Amino acid sequence: MAKSLLIISRQAPWSGPCAREALDVALAGGAFDLPLGMLFLDDGVFQLAAAQQPDALQQKNLAANLQALPMFGVEELFACAHSLARRGLADEALNLPVQVLDDAALKALIARFDQVVTL
Amino acid sequence: MSTLTVGDRTIALDKDGFLLDLQDWSPEAAQALAAQEQISLTDEHWEILNVLREFYAQYQLSPATRPLIKYTALKLGADKGNSPHLNRLFNGTPAKLAAKLAGLPKPTNCI
Amino acid sequence: MTTLHVIAHSPFGDQRLASCLRLLGADDGLLLCGDATYALKAGSEPLQMLQAANLGPRLFALAEDLQARALDGTQVIAVDYPAFVELSLHYDKVNSWL
């Protein structure tokens, strides 16, 4: 049985490479059939905002790429309730079907996975 | 860098034979690319190429093998979305070769 | 399963430490290295946060990083690199906050 990996993505989408790198780890792991989870934490929850239009930035569309996670077998998707609330995203529609977890549930989530990496 | 001749047009390819500019794709370009791989495109090929182009339009990336199979099964049913069928149509490397013929970038997570 | 959380970034102007403390399980450990050790600066806000979290024997810092920055290591368990390696084996996994 392959070890499960939780990827914690905690950077905003358009200003640096971290959000892209976290997604690339998830897509590559998914392509290899690894049991993966992905948690959006801190500024990482900004990746989940609906209706983002990065075309003018001339970057690959991370928000569109994120939608492919379930196709790559990454279906365990989570977001931190506290991070969403602080950023005014708690009541908004998000672009991914994430489970929103409170701190206690996040502790249990991190404990459940064999390996964790935070990007 | 190599090129592909389609009718009276010359299209630039990268070192692996993928289109450098995705805007250069046309059904005729797909046929020319397929001919280079000794493949004659049938309706069975075309429905997969269309599924791939749909995948790219939706997700802005090229699928690895597993998501290609999953997405094809979703769109065309399990009798099409399975690896024997896709391997048979695309010389055993469906994610890479079908992406090339569909005018998509080379898949980065390809096994 | 237990986790050793490792933070290397300065706690000033970044959420890593605050978020880590919120998500730290009851049996998890926290190791500060590099600029994260500035969290131990006497009189600083991050130190208050750490004291409030009351991690006791679950809070570690890399000794050489404390020494280089003239930071007080009496509030933590100061470890050298061999002890760091031992710690990472003691916990089920290591979560590096990159």
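This note goes through a predicted model, taking chains, contacts and core in turn.

1. Chain C, fold. Chain C is built from four helices and five strands. Strands and helices alternate along its sequence, in the order β-α-β-α-β-α-β-α-β. Among its contacts between residues at least 6 apart in sequence, 67% join residues at least 24 apart.

2. Chain C, overall form. The radius of gyration of chain C is 12 Å, which agrees with the value near 13 Å for a compact globule of 98 residues. Along the principal axes, the C-alpha atoms of chain C occupy a box of roughly 35 × 30 × 25 Å. Of the 98 residues in chain C, 38% are buried.

3. Chain B, fold. Chain B has five helices and two strands. The two strands come at the start, and the helices follow, giving β-β-α-α-α-α-α from the N terminus. For chain B, 48% of the contacts with a separation of 6 or more are between residues 24 or more positions apart.

4. Chain B, overall form. What radius of gyration does chain B have, set against that of a compact globule with 111 residues? Chain B has 13 Å, and the globule would have a value near 13 Å, so the two agree. The C-alpha atoms of chain B fit a box of roughly 40 × 25 × 20 Å along the principal axes. Buried residues come to 32% of the 111 residues of chain B.

5. Chain B, domains. The domain assignment divides chain B into domain 1, covering 2-36, and domain 2, covering 43-101. The C-alpha centres of these two domains of chain B are 19 Å apart.

6. Helix H5 of chain B. This helix spans residues 94-101 and is mostly covered, with eight of its eight residues buried. The buried residues of H5(B) include two lysines, B:Lys96 and B:Lys100. B:Pro94, B:Ala95, B:Leu97, B:Ala98, B:Ala99 and B:Leu101 are also among the buried residues of the helix. The buried residues of H5(B) pack against four other helices of chain B, namely H1 (27-36), H2, H3 and H4 (83-89). Just after H5(B) comes B:Gly103, with a positive phi of about 80°.

7. Contact between chains A and C. Here 14 residues of chain A meet twelve residues of chain C. On the side of chain A that touches chain C, helix H4 (103-112) and strand S5 (115-118) of chain A each supply at least two residues. H4(A) gives the largest share of that side, five residues. By class, the side of chain A that touches chain C holds seven nonpolar, three polar and four charged residues.

8. Contact between chains A and B. This contact takes 14 residues from chain A and twelve from chain B. Helix H2 (43-59) and helix H3 (65-76) of chain B each provide at least two residues of the side of chain B that touches chain A. The largest share of that side, four residues, belongs to H3(B). The side of chain B that touches chain A comprises seven nonpolar, three polar and two charged residues.

9. A buried glycine in chain A. A:Gly73 sits in the loop between helix H2 (62-66) and strand S3 (76-80) of chain A. Is A:Gly73 buried or exposed? A:Gly73 counts as buried because 21 C-beta neighbours lie inside 10 Å, and the cut-off for a buried residue is 20 or more. Leaving out residues up to four places away in sequence, A:Gly73 touches A:Gly30 and A:Asp33, and also B:Arg66 from chain B. The C-alpha atoms of A:Gly73 and A:Ala26 are separated by 9.4 Å, although the two residues are 47 apart along the chain.

10. The nonpolar core. In soluble globular proteins, nonpolar side chains tend to be buried together. The largest nonpolar core in this model has 83 residues. The residues with the most contacts inside this core come from chains A, B and C: A:Ala26, A:Leu39, B:Leu52, B:Ala98 and C:Ala61. Of these, B:Ala98 is one of the buried residues of H5(B).

11. Surroundings of C:Ala61. Setting aside neighbours within four places in sequence, C:Ala61 is in contact with C:Leu31, C:Leu32, C:Cys33, C:Thr37, C:Leu40, C:Leu66, C:Gly73, C:Val76 and C:Ala78.

How values were computed: Residues are numbered from 1 along each chain as its sequence is written. Chains are lettered from A and ligands numbered from 1 in the order in which they are written. This is a predicted model: local features need pLDDT of at least 70, side-chain atom pairs count only at pLDDT 80 or more; totals for chains, interfaces and linings use all residues. The radius of gyration is taken over C-alpha atoms; the globule rule is 2.2 Å times the number of residues to the power 0.38. A residue is buried if 20 or more other C-beta atoms lie within 10 Å of its own, exposed if 12 or fewer, and partly exposed in between; C-beta atoms are placed from the backbone. Two residues are in contact if their C-beta atoms, placed from the backbone, lie within 7 Å. Domain bounds come from an automatic or database domain assignment. Ala, Val, Leu, Ile, Met, Phe, Trp, Tyr, Cys and Pro count as nonpolar, Asp, Glu, Lys and Arg as charged, and the others, Gly among them, as polar. A nonpolar core is a set of buried Ala, Val, Leu, Ile, Met, Phe, Trp, Tyr and Cys residues joined through C-beta atoms within 7 Å.
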